[in-house]
Amino acid sequence: MQQNKKLILFWLTALLLVSCIKPFDPDISLSDTDKVVINAQINDIDTVQKIEISLTSAISKPEFKPLSGCTVRVVADDGTSFGFYEATAGDYFGTIDPAYLQPGALLRLEVITPQGERIESAADRMPQGPEISEVYWELTTLEGNRPGNERNGIQFYTDLHAEAWHSRFFRWEIVETWEYHADYPFQWYYDGAVHQVIPADYSRLICWKTAFVPYVYSLNTINLTNNAFERFPLHFVSNLTARLAYGYSVEVRQYALSETSFAYWEQMRLNNEQDAGLFEKQPVPVQGNLRFADNDKEVLGNFSVSAIRRKRLFVDPVPGLELDFSTGCSATVLEKGFREIRPYEYPVYLLGDDVTYSMVLLSDGCVDCLVHGGINVKPSFWPR
Amino acid sequence: MRYRLPFLLFLVLLTIMAQAQQPSGRIASKMTGQSFASFSESVYRQSGSMIFDPMATAEKLKVTIADDSLTVLQMVLKSVEGTNIMVSPWHQHFVLLPGKMLIQSLPPYQKLTSVLSTADSSGKVPAKARYLEGRAPEVVQTIRVGAEGPAKSSGRARIQGRITDKDSGEAVFGATLFFPDLGIGAVTDEKGLASIQLRPGKHLMRAEYLGYERKNFLLEVRNDGSFNINLARTAIQMEEFVVFGDKQMNMKSKDPGLDKIVMKSIKELPMMMGERDVLKISGTLPGIVSTGEGASGINVRGGGSDQNAFYINRIPVYNTSHLFGFFPAFNAEIIRDFAIYKGHVPAEYGGRLSSVFNITTREGNKKHLMVRGGLSPITGNLVVEGPVVKDVASVLLSARSSYSDWMLQRIEDPSIRSSAAHFNDFAGGVNATLGKTKISAFGYRSFDRFRLADVNDYHYINQGVSLIGERMVTDNLRAELSLIGSSYSFELTDKQYAATAYQHRYQNNHYEARLDFKHLAFENHTFDYGLGMIVYQLRRGIIEPYGMASLRQEVDLGNEKGVESSFYFADNWEPNPRLTVTAGLRMSLFTPLGPKDVLTYADGLPRDLRYVVDTLSFANNKILRWYLEPDIRLSVNYSTDENGAVKLAFNQMHQNLFLLNNTVSVSPSAQWKLADYYLRPSAVNQVSVGVFRNLRQWGLETSLELYYKKTTHFPEFRDGADFISTPHVETTVLQGEQQAYGLEFFLKRNNRKLDGWLSYTYSRSLIRVDDVNPLNDINNGKLYPSNHDIPHMVNLVMNYHLRRRVTFSTIVTYQRGRPVTFPVSAYFVNGVPMLDYSDRNAYRIPDYFRTDLSLTLEGNLKKDKLIHSSLVISVYNLTGRDNPYSVFFKNEDGKINSYQYAVIGVPILTATWIFKLGNYAAE
């Protein structure tokens, strides 16, 4: 009997984990770096438009490698051209006459690299895009890969209600902004002697951070009876980050695309959303509409003109969602007093209140929210 | 990894060498008053020689030996000194018999055959005479064949023999009839029939087969005729038989690129989840690859997974797995044997490019009721068989069902964890022999249901019936008429997004009638000829919106019809006992039929719905295209000497049916599709050369084969192809060429204490899609490795028969990782990292290595018992290596992380209980 129990126990242990996903270190040759990448998405609203030109980097060390010194212009089909000029490395800015950004307008891109090579795009036609109809969220629990490993948070959705004359090809971008707080105001510090800041400095207590959600969301409605879609899933915000603690805002950008630009983004989405599974598809080479005029080297990226609509949504702290995040503050008790602190570390922050301090050392993140990458200037769209 | 293989090889060699130790070696021998049992154990431990005491005559002896070191033979002789027990050396073992020697003067096995084959027809060879006296002291039964009368003018009579099992009445496949005086022989086919030409007169004939008694007859040939022999199973198999029977299989009759699995031979191999999977086991043979756990397709000699034809009693099976490849769709308990043709494919088969898997089930016991079954952690199965009319008609019924889907709960994927799966299969057959006519009916049905969380609901059904009538028209002509119907269907509901939810029902029907003849026409010529017709009916189904919220547009994928008519003729010619030439021609005509609306596209542009010019309408049963498909099948087999042969084959095949699938393994929603107005049938030419050699002193058989194949009109799918959004498949399919070549090495050892096989395959499979229109190219028209291009593969299968009732088995598999497309560089768009990918399949996932182990414990060997049961304990993936099934790259918080996904990354232990009525040897 004892033997049987042991056997069953062994059995269960052996079966505990059947499949598994683990990190993998591929051996990839570096021969394909330094291809030119052009990200040129002209929209129908912005007065100043931006075009990014860069080079590819090694997969082991992904970085934005700007390509400076290009001559960039957008050309309309009547021959009118609009020049773009480099403001920061690799970022070229320009203005296009709104008359050339009406639905049906045909634009193309010409770039001459610093080496004098000429890159041209196919012409892209400005589609007609609908307004964003609705963006909303729901409290959601996602199950993790291991049983019991659940994540709570909110899932964003959007609806699409377009008319028959609108484009049937769409993609969305999401820019998120959230308020976060440092744990303490700046009050006590030590640089060989203890100082108190009076009154306490609250300027670095509250910050706002803005980030681009790094996923491609694309949809076409050509196989649907109507040019419409309900509950298109956007991103998920987990309770394990500080995003939902003091106010969270998303800007959803809806792009109506031409069919060829959609094909480009759809392939980008498929390639960047690979996952484990028995029936996974092979990644495919993404072909944009850019070519070298005089050779058959590859150019990555795409030139597109699209109708953009933006919508902003605020989320106050979500009732019923328990947050569990780290503020990035660590406190250390100085057991041996100030001797533990080396002069090169000065100044260091101490825990304290209006009256006195204690022998507890605070990390920079405890008193300075800028350390976490945000800004301490309230964005103009922030409600409170 | 690289060091593990040579080490294993070394282990194998070491064990073989240990086995080969001769009884003449000296060993420590001093002992006093030991029991005979411990004496024989000590002999076995030291020398590897076993002492058999069938009459238990030495059981009570006490052994005392004064000498320090003796040869094993001397020791055994000493141990029985003073009794009437006589010691007969047998291989390196000993047999004790009271008062007589086993076969006192039996010459060493190798010599025996050479003496027999060089003997003249007078048959007066002392060795042979002694052999017969020793072996068969009883009267040799005489069989008279043919009517009395003048001998035939040709001087030779055509004789057909049929060998059946004495107990069950079933045909015995692979049994040999050997004529020692003439040095010639014949092997029975799957019907139990063997043909041979003999001069009138009396000939000594020996019939034998693995696991059956060996029987000698005196065959008195008068004229053309036939005879029947019943062979009884031996309660305890004598190991001797096999070597010869199998040698015949390998050397004389085996076509190049033919592999045969007899279920008996694999019953001890490790099982995954307690199921014996003939397809997985076939993957340990050279040239056959499975892309990984949970991959339902197999790839033969670099071909696609839809290039294999599977038949169970002539019923084609279009989906051969349960639960996406984790389980086989056939109940192993009803399979008698399993032949795989991958080189020379007999002219009677056609329709697939790479291989034919022919499964023959048992016919059902014609003598008495038999029940067998098994219980594993996932499934239970039961087989009942017995006579309807004793010795005339039998019935066989099998049922198998899964009763638990616990396995899914262990998979590291939340959507699979909340899923449910169920499968079952049923088979039934009736066989009747009425004089010269044999009628058999067989039906098969398998069902699978899979619910993937609340996202997907999926089920599929394979079903079919075959009715086969077989008649000996004359003594030299056998005719077989078969009527076959088969259908594969699936239904899929996709509910992932309410707005795009849909339902799809697909069905593929196959109706076939064929007439086959086997004709022993002239001296040394056997003709196979026949004709057949297949009607394919595909209802590709309608993509219907599912649920009120679905906005999906209804798409009718349409129906398809096609007729494949064929005839074939093949001549199996044996100009002399050393040379066999098989030359065959198969002529097929495939005609896709209307009703069909075919779109025509603008010249010079890709086939895209944007460039449609016109529509051609074909009325019902109007022929869309004529595809005439001649196949030449040629095979030459030359025995260089009694231990070796050289084989050559040239093989042509055509395929009219494809699987629309663009995932690496076969996806559950993959649809079969006929060649049509645009999509042309694929064709392959294959050349193969093989060398075969028996290394008798080691008990080994080896073979080395080389092949080269070139496929034209190989269907490949456009990047991101979607098969449910348009009925016009030509817009998503491109046709290119495929090249495959390789080398296959096979080493096999049979019926020893340690037996099994070792296979090594070097194989390449490359595809080129280089269209006249560069927009249709894949990989810029350059050659690229296919998804199943696995250059190196090594499999080791070993059984160690510790005792008759205890066997350890292991399977060790290594294969090079399959090709994948990797990202080679990164770039940023709006601050988000993106990936740029390599040429198609330019990289490989890490190599695959797995070790399985099993222990088979048989119940007792008593001859008279009601139920025999056995327990098989298997560990799948003993080392727990997490063999990557796929590799993927994820963009996580601005960083690119790479991951590998292993379907099964731990050892899996299962226990299976198998039972049957009767004793150990009951069938």
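The expected span of a helix is 1.5 Å times one less than its number of residues. Keep that rule in mind for helix H2 of chain A, residues 259-272. This is a predicted model, by the way. H2(A) has 14 residues, so it should span 20 Å. Its end C-alpha atoms are 20 Å apart, which agrees.

Which residues of H2(A) are buried? They are Ser261, Phe262, Ala263, Tyr264, Trp265, Gln267, Met268, Asn271 and Asn272 of chain A.

Now the domains. Chain A is divided into three. Domain 1 covers 36-125. Domain 2 comes in pieces: 134-182, 208-273 and 308-315. Domain 3 has 186-202 and 324-372. The centres of domain 1 and domain 3 of chain A, taken over C-alpha atoms, are separated by 48 Å.

On to the cores. The largest nonpolar core holds 91 residues. Which of them touch the most other members? A:Ile38 and A:Phe170 do. Leaving out residues up to four places away in sequence, A:Ile38 touches A:Ile51, A:Ile53, A:Val111 and A:Ile119. A:Leu290, A:Val299, A:Gly301 and A:Phe303 are also on that list. Another core, of 78 residues, lies apart from this one. Among its members are B:Ile312, B:Ile334, B:Ala670 and B:Trp757.

Next, A:Tyr190. The residue sits in strand E15 of chain A, residues 186-190. Is A:Tyr190 buried or partly exposed? It has 19 C-beta neighbours inside 10 Å, and buried takes 20 or more. So A:Tyr190 counts as partly exposed. Its contacts, not counting residues up to four places away in sequence, are A:Phe338, A:Ile341, A:Pro347, A:Val348 and A:Leu350. A:Tyr190 and A:Glu345 are 155 residues apart in sequence, yet 9.8 Å apart in space, C-alpha to C-alpha.

One of those contacts, A:Pro347, brings us to peptide geometry. The bond joining A:Tyr346 and A:Pro347 is cis, with omega about -10 degrees. A:Pro347 lies in the loop between strands E23 (331-333) and E24 (348-352) of chain A. Chain B has a cis bond too, from B:Gly594 to B:Pro595, with omega near 10 degrees. There, B:Pro595 is in the loop between strands E37 (579-593) and E38 (596-601) of chain B.

Positive phi next. B:Arg314 is not a glycine, but its phi is about 75 degrees. Its loop runs between strands E19 (308-312) and E20 (315-316) of chain B. B:Arg314 counts as buried because it has 23 C-beta neighbours inside 10 Å. B:Asn841 has phi near 55 degrees, also positive and also in a residue other than glycine. Look for B:Asn841 in the loop between strands E53 (832-837) and E54 (843-844) of chain B. With 20 other C-beta atoms within 10 Å, B:Asn841 is buried.

Last stop: strand E27 of chain B, residues 393-402. On one side, E27(B) pairs with strand E26, residues 379-389, in the antiparallel sense over 10 bridges. B:Val384 stands opposite B:Leu397. The two strands form a hairpin with three residues between them. In the turn, B:Asp391 has a positive phi of about 65 degrees.

E27(B) also pairs with strand E28, residues 420-434, again antiparallel, over nine bridges. Here B:Ser398 has B:Ala427 as its bridge partner.

Which face of E27(B) is covered? The one with B:Ser394, B:Leu396, B:Ser398, B:Arg400 and B:Ser402. The uncovered face has B:Ala393, B:Val395, B:Leu397, B:Ala399 and B:Ser401.

Notes. Residues are numbered from 1 along each chain as its sequence is written. Chains are lettered from A and ligands numbered from 1 in the order in which they are written. This is a predicted model: local features need pLDDT of at least 70, side-chain atom pairs count only at pLDDT 80 or more; totals for chains, interfaces and linings use all residues. A nonpolar core is a set of buried Ala, Val, Leu, Ile, Met, Phe, Trp, Tyr and Cys residues joined through C-beta atoms within 7 Å. A residue is buried if 20 or more other C-beta atoms lie within 10 Å of its own, exposed if 12 or fewer, and partly exposed in between; C-beta atoms are placed from the backbone. Two residues are in contact if their C-beta atoms, placed from the backbone, lie within 7 Å. Helices (H or I, at least four residues) and strands (E, at least two) are DSSP runs, numbered from the N terminus. Domain bounds come from an automatic or database domain assignment. Two strands pair if DSSP finds at least two bridges between them.
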